[in-house]
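Thank you all for coming this morning. I would like to walk through one protein slowly, so please have the picture open in front of you while I talk.

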Amino acid sequence: MLNPIAITGRHVEITEALRDHVNEKLGHACKLLDKISSTHVTISVEKNRHIVEVVIQSHGATLHTKEETHDMYSSIDQAVDKIETQAKRLKEKLKDRKHAPEAAGMSAAAEGEDEVSPPRAQVFVAETFAPKPLSVTEAVETLQGVPDLFLVFHNAKNGLVNVLYKRGDGSFGLVQPPA
């Protein structure tokens, strides 16, 4: 069962013919999706521009489009066409997501493996730098003054590379290699 379509008019009166046209056109698009929590259409007129904005909440996703022409009915038709395209894309995405674990499980069973290997993590190199020699106290003062969560530095006392990090409780942790 479809949720009712909420239609709002700004600077325009929503006639019964307009309401029927929106319900008929958007009804077809809404049939592509299930679990629609809300559907809202905003129709507005500004000078010669007839603007239609459609927002549909479904499967935790938001489908949104805004169309503007010189004719209200063509604005509605173009907006509904875009929403149908988005709905088909969402439906395909949900279908792919639903079948992906089955396909992975079937391929692992076909290869004779008992377990599916976890996905490989990606490593990104953000930046390179030369750690500065600091005492632990200086490192704490430096980390307090910046929004960063950790600081890599050379411990001035022993010359080894240390990592100082902010803990969830507001205190600091220190990671240092054995001397």
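Let me begin with a question: of the 179 residues of the protein, what percentage count as buried? The answer is 26%, and please keep in mind that what we are looking at is a predicted model. The accessible surface of the protein comes to about 12600 Å², and 54% of that belongs to carbon and sulfur atoms. If we take the contacts between residues at least 6 apart in sequence, 34% of them join residues at least 24 apart.

Now to the overall layout. The protein has three helices and eight strands, and if you follow the elements from the N terminus on, you will read them as β-α-β-β-β-α-β-α-β-β-β.

I will start with the sheet in the later part of that list. This is an open sheet of four strands in the order β5-β6-β7-β8, and its pairing is mixed. Strands β5 and β8, the latter being residues 172-175, stand at the edges with a single partner strand each, so one side of each has no neighbour in the sheet.

What does "mixed" look like here, pair by pair? Strand β5, residues 133-134, and strand β6, residues 150-155, pair in the parallel sense over two bridges, and in this pairing leucine 134 stands opposite asparagine 155 of β6. Between these two strands the chain passes through helix α3, residues 136-144, and β5, α3 and β6 together make a right-handed β-α-β unit. Strand β6 and strand β7, residues 161-166, on the other hand, run antiparallel and are joined by five bridges. If you want to find this pairing on the screen, look for leucine 151, whose bridge partner in β7 is leucine 164, or for phenylalanine 150, whose bridge partner in β7 is tyrosine 165. The two strands form a hairpin with five residues between them, and in the turn glycine 159 has a positive phi of about 80°.

Phenylalanine 150 and tyrosine 165 come back when we turn to the surface, since Leu149, Phe150, Tyr165 and Val175 make a nonpolar patch of about 400 Å². Leucine 149 sits in the loop between α3 and β6. Is leucine 149 buried or exposed? Its relative accessible area is 60%, and because the cut-off for exposed is over 50%, leucine 149 counts as exposed.

Let us move from nonpolar side chains to charged ones. The structure holds four salt bridges, and I will go through some of them. In one of them, the side chains of arginine 49 and glutamate 68 meet at 3.5 Å, N to O. This pair links distant parts of the chain, with arginine 49 in strand β3, residues 49-58, and glutamate 68 in strand β4, residues 61-69, 19 residues apart. Arginine 49 is partly exposed, at a relative accessible area of 33%, and glutamate 68 is partly exposed too, at 42%.

A salt bridge also joins glutamate 67 and lysine 82, at 2.6 Å, N to O. Glutamate 67 lies in strand β4 and lysine 82 in helix α2, residues 72-111, so this pair ties together parts that are 15 residues apart in sequence. The two partners have rather unlike surroundings: glutamate 67 counts as buried, at 9% relative accessibility, whereas lysine 82 is partly exposed, at 43%.

Further along the chain, arginine 167 forms a salt bridge with aspartate 169, where the closest N and O atoms are 3.8 Å apart. Arginine 167 counts as partly exposed, at 41% relative accessibility, while aspartate 169 counts as exposed, at 60%. Salt bridges can also share partners, and here they join Glu46, Arg49 and Glu68 into one network.

My last stop is isoleucine 83, which lies in helix α2. Isoleucine 83 is buried, with a relative accessible area of 0%. Which residues is isoleucine 83 in contact with, leaving aside its neighbours within four places in sequence? They are Leu26, Ala29, Val54, Ile56, Leu63, His64 and Thr65. For one of these, leucine 63, we can also give a separation: its C-alpha atom and that of isoleucine 83 are 6.7 Å apart, although the two residues are 20 residues apart along the chain.

Notes. Residues are numbered from 1 along each chain as its sequence is written. This is a predicted model: local features need pLDDT of at least 70, side-chain atom pairs count only at pLDDT 80 or more; totals for chains, interfaces and linings use all residues. Side-chain values use heavy atoms; hydrogens and water are left out. Two strands pair if DSSP finds at least two bridges between them. A crossover is right-handed if, with the strands pointing away from the viewer, the path from the first strand over the helix to the second runs clockwise. Buried means under 20% relative accessible area, exposed over 50%, partly exposed in between (1.4 Å probe, protein chains only). Contact means heavy atoms within 4.5 Å. Accessible areas come from the Shrake-Rupley method with a 1.4 Å probe; for residues, only the protein chains shown count as cover. Patches are made of residues with over 30% relative accessible area and no salt bridge: like charges are joined within 9 Å, nonpolar side chains (Val, Leu, Ile, Met, Phe, Trp, Tyr) within 5 Å.
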